[in-house]
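I set out to look up the internal spaces, one helix and the nonpolar cores of this structure. My notes are kept in the order in which I looked.

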Amino acid sequence: MVTVAQPHSPAAAPARRAPAVRHLGPNWYACVMGTAVVGGAGAALPGHIPGLRTVCTAFWALSLVLLAVLLAARSLHWLHHRDQARAHLLDPGAAPFYGCLSMALLAVGGGALTVGRDWIGTPAAVALDAVLFTAGTAVGLTAAVAVPYLMAVRHRVEPGQATPVWLLPLVAPMVSAAVGPLLVPHLPPGQPRETLLLACVALFGVSLLATLVTLPLIFGRLLTGGPLPLALTPSLFLVLGPLGQSTTAVGAFADVAPGVVPAPYAEGFAVLAVLYGVPVMGFALMWLCLATAHVVRARREGMGFSMTWWSFTFPVGTCVTGAESLARHTGLVAYEALAVALYALLAAAWTVAAAHTVRGLLSGALPAVPRPGPGAPRPATARTT
């Protein structure tokens, strides 16, 4: 019998190259975000705890290493598994996570100036933050436009399929707005400083208004469509991101505005930090209680670990920095206590998520094959009425 050699299948070749990263989606950048915020938020806690700043700097260094590793791994993913990368873009459950790339870059960059400078020096920290801020802002603005565009013309989604994951590309510009002011004092006085500050205010507006038109869909879906699927329930914590980060941003504007913009505007920023931050933080605490109740219910019904558990970290961290900002601008001990309590929650959440992630990596259960998101595209690409 003569055996005829079968032709090599080019479609199968990518799966045999770098198979470990085939299912490494953009959601993995949440690990970087969650680790970086533990360091950045801890550095501004009220009071003095011996050794805390060193621990926070170590967390920032770990986030920098994780970012470098994930950037390399995701590059391999795009190089060898473009079919899977395109599938992520066309999956409404995966595409919004491209906002996590932006926020990971920005979180590590901001941490370089808050705590990383202790180890690498201020000049290197400024240079690193400038590069990561520029790249993160560019990626964030691109995601803020591209992902909603794909959802409108390519994805198949209905109002009843709304989830907090939709907020991820929209909150990325808010992270730029919150960390951008850290670079303002390092620019030449005059036009450069004022331009960057007002650019951050514009980014604040981009994210805030986009969030305001999207959040009602998520809240309405939750009230009328019932609880989210168990695996998606932790994503309810993502709503805290734009709330805490916007409170942090207006506080950052007020911190750097004196001497950068004319006096009336500088005073206005100080007023905004309180009049905006107090009610928004109040809503954030209400949502934290609501999301926690849903998570407790889901856990009782058998919710197991998934990468959505990293939703417990970065959004809570933004509320920590928001409370720290309000403590600075109001002088109230209540906000100092709130910041400490939220940071304890953040530390516990990071410990649990990190432990399960490491266990999954060691066992081979992660990266897991993603399940199609709600409203995944059908074979036809033309949109019909």
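The entries below cover cavities, then helix α12, then the cores.

**Entry 1: model.** I note at the outset that this is a predicted model.

**Entry 2: cavities.** I searched the whole structure for enclosed space and found three cavities of 30 Å³ or more. The largest cavity has a volume of about 140 Å³. I counted 16 residues in its lining, and A30, F97, L238, W310 and S311 lie nearest its centre. I then asked which elements give two or more residues to the lining of the largest cavity. They are α2, residues 29–43, and α11, residues 314–330. By residue class, I recorded eleven nonpolar and five polar residues in the lining of the largest cavity, with no charged residue.

I turned next to the second largest cavity, which holds about 70 Å³ of space. Its lining is made of M33, M103, L167, L168, V171, L238, G241, F314 and P315. I note that L238 is listed here and also among the residues nearest the centre of the largest cavity. At least two lining residues of the second largest cavity come from α7 (168–179), and at least two from α11. I classed eight residues of this lining as nonpolar, one as polar and none as charged.

**Entry 3: helix α12.** I checked the length of α12, residues 333–363, against its expected span. At 1.5 Å a residue its 31 residues should span 45 Å, and the end C-alpha atoms are 45 Å apart, so the two values agree.

Which residues of α12 are buried? I listed Y335, L338, A339, L342, Y343, L346, A349, W350, A353, A354, T357 and G360. In an α-helix there are 3.6 residues a turn, so residues three or four places apart point the same way. I then looked up the partners of the buried residues of α12, and found that they pack against α2, α3 (52–80), α10 (263–300) and α11. After α12 comes G364, for which I noted a positive phi, near 90 degrees.

**Entry 4: nonpolar cores.** The largest nonpolar core has 106 residues, and within it L197 and F253 touch the most other members. The element that gives the most to this core is α10, with twelve residues.

I followed L197 further, leaving aside its neighbours within four places in sequence. L197 is in contact with V184, F253, V256, A257, V260, V261 and F269. I also recorded a second, separate core of six residues, among them A143, V157, A162 and W166.

Key: Residues are numbered from 1 along each chain as its sequence is written. This is a predicted model: local features need pLDDT of at least 70, side-chain atom pairs count only at pLDDT 80 or more; totals for chains, interfaces and linings use all residues. Side-chain values use heavy atoms; hydrogens and water are left out. On a 1 Å grid over the protein atoms alone, a cavity is a set of points where a 1.4 Å probe fits but cannot get out, and a pocket is an open set with protein on both sides within 12 Å along at least five of seven lines; lining residues have an atom within 4 Å of a point. Grid points are joined across faces, edges and corners, and a volume is the space filled by probe spheres set on the points. Helices (H or I, at least four residues) and strands (E, at least two) are DSSP runs, numbered from the N terminus. Ala, Val, Leu, Ile, Met, Phe, Trp, Tyr, Cys and Pro count as nonpolar, Asp, Glu, Lys and Arg as charged, and the others, Gly among them, as polar. The expected span of a helix is 1.5 Å times one less than its number of residues. Buried means under 20% relative accessible area, exposed over 50%, partly exposed in between (1.4 Å probe, protein chains only). Contact means heavy atoms within 4.5 Å. A nonpolar core is a set of buried Ala, Val, Leu, Ile, Met, Phe, Trp, Tyr and Cys residues joined through side-chain atoms within 4.5 Å.
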